[in-house]
Amino acid sequence: INIQTRSLFIQTEETPNPASMKFLPGCTVLESEFGKSMDFRRGENMSNSPLAKLLFRVNGVEGVFFGSDFITVSKAENLTWAQLKPDIFATLMDFFAAGKTVVTGAKVDNKSQHAGCDEEDDEVVSTIKMLLEEQIRPMVQEDGGDIFFQSFDKETGVVQVKLAGSCAGCPSSKVTLKNGVEKMLLWHVPEITRVDEVLEEEELNERKLSFHPTDNM
């Protein structure tokens with residue numbers, strides 16, 4: 001779907017997550033000084049992003065994710081994209097046509113969400129971060145999401161990562177994590193035994209609510 005207003009041209013792309021859609025305004029969304037992505041969920045502090053505030057005013061918007069040149073919007077399950085897209089398009093077109101700033105500063109409650117190497121990292125952690133940053137992250141961002149290194153346990157060999165954007169809550173994220181991310185990391189780093197996703201309390205509750213055991217169980 002393409003929507004054009006004056007010189008503004010907004011495209012949409014479906015993502016592997018049916019509850020998330022990628023919007024491309026054809027201009028820079030997140031300036032590099034604020035990192036490669038920024039993720040907001042309903043109820044979080046979004047005082048540093050005028051656009052996030054406006055998008056969350058749209059009924060049914062549950063998540064807003066900024067990449068360098070795209071916005072991923074996640075919706076509530078009880079609403080369709082046909083219901084939400086007109087208001088989302090209107091919000092984006094008005095915002096970018098007015099030349100407003102998407103992000104005015106670092107996220108107030110920003111957690112450790114980066115794959116950049118630190119001086120105190122050992123060789124294994126540095127390699128994991130490098131693979132995430134250079135090999136895995138670009139592919140994940142193509143689908144409107146992101147992945148962040150969280151930790152590596154030397155004793156168990158377990159790597160923990162955080163998924164964001166369209167990847168958060170995606171029905172196929174577990175498959176992607178195991179068949180894509182885990183396989184690549186295991187191939188390059190023999191010290192790794194498995195890769196696990198770190199979930200926030202809200203995400204755990206959502207997954208519990210969405211689990212419906214069969215009558216035979």
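These exercises work through the fold, the cores and a few residues of one predicted model.

Residues are numbered from 1 along each chain as its sequence is written, and side-chain values use heavy atoms, with hydrogens and water left out. In this predicted model, local features need pLDDT of at least 70 and side-chain atom pairs count only at pLDDT 80 or more, while totals for chains, interfaces and linings use all residues.

**Exercise 1. Describe the chain as a whole.**

Step 1. Find the elements. Helices (H or I, at least four residues) and strands (E, at least two) are DSSP runs, numbered from the N terminus. The chain has five helices and nine strands.

Step 2. Read their order. From the N terminus on, it is β-β-β-β-α-β-β-α-α-β-β-α-β-α.

Step 3. Check burial. Buried means under 20% relative accessible area, exposed over 50%, and partly exposed in between (1.4 Å probe, protein chains only). Of the 217 residues in the chain, 44% are buried.

Step 4. Check contacts, meaning heavy atoms within 4.5 Å. Take those between residues at least 6 apart in sequence: 59% of them join residues at least 24 apart.

**Exercise 2. Map the nonpolar cores.**

Step 1. Define the term. A nonpolar core is a set of buried Ala, Val, Leu, Ile, Met, Phe, Trp, Tyr and Cys residues joined through side-chain atoms within 4.5 Å. In soluble globular proteins, nonpolar side chains tend to be buried together.

Step 2. Take the largest core. It holds 30 residues, and Leu 51, Phe 66, Ile 71, Ile 88 and Leu 92 touch the most other members.

Step 3. List the suppliers. At least two residues each come from strands S3 (20-24), S4 (38-41), S5 (61-66) and S6 (71-75), and from helices H1 (50-55) and H2 (81-97). H2 gives the most, with eight residues.

Step 4. Zoom in on Ile 71. Beyond four places in sequence, Ile 71 touches residues including Met 21, Leu 51, Phe 66, Leu 92 and Phe 96.

Step 5. Add the second core. It is separate and has 20 residues, among them Leu 131, Val 140, Phe 152 and Val 195.

**Exercise 3. Place Thr 72 and Pro 50: buried or partly exposed?**

Step 1. Thr 72 lies in strand S6. Thr 72 counts as buried because its relative accessibility is 0%.

Step 2. Look for a polar contact (a pair of N or O atoms within 3.5 Å; within protein, one must be able to donate a hydrogen and the other to accept it, and residues adjacent in sequence count only if both atoms are side-chain atoms). The Thr 72 side chain reaches the backbone oxygen of Gly 144 at 2.7 Å.

Step 3. Pro 50 is in helix H1. Its relative accessible area is 32%, so Pro 50 is partly exposed.

Step 4. Look along the chain from Pro 50. Lys 100 is 50 residues away, yet the two C-alpha atoms are separated by 8.3 Å. Beyond four places in sequence, Pro 50 is in contact with Phe 95, Thr 101, Val 102 and Thr 104.

**Exercise 4. Examine helix H3 and its surroundings.**

Step 1. List the residues where H3 meets H4. H3 brings Ile 128, Leu 131, Leu 132, Gln 135, Ile 136 and Met 139, and H4 brings Val 181, Met 184, Leu 185 and His 188.

Step 2. Pick Val 124, which lies in H3. Val 124 counts as buried because its relative accessibility is 15%.

Step 3. Find its partners. Beyond four places in sequence, Val 124 touches Phe 152, Val 189 and Glu 191. The C-alpha atoms of Val 124 and Val 189 are separated by 7.2 Å, although these residues are 65 apart along the chain.
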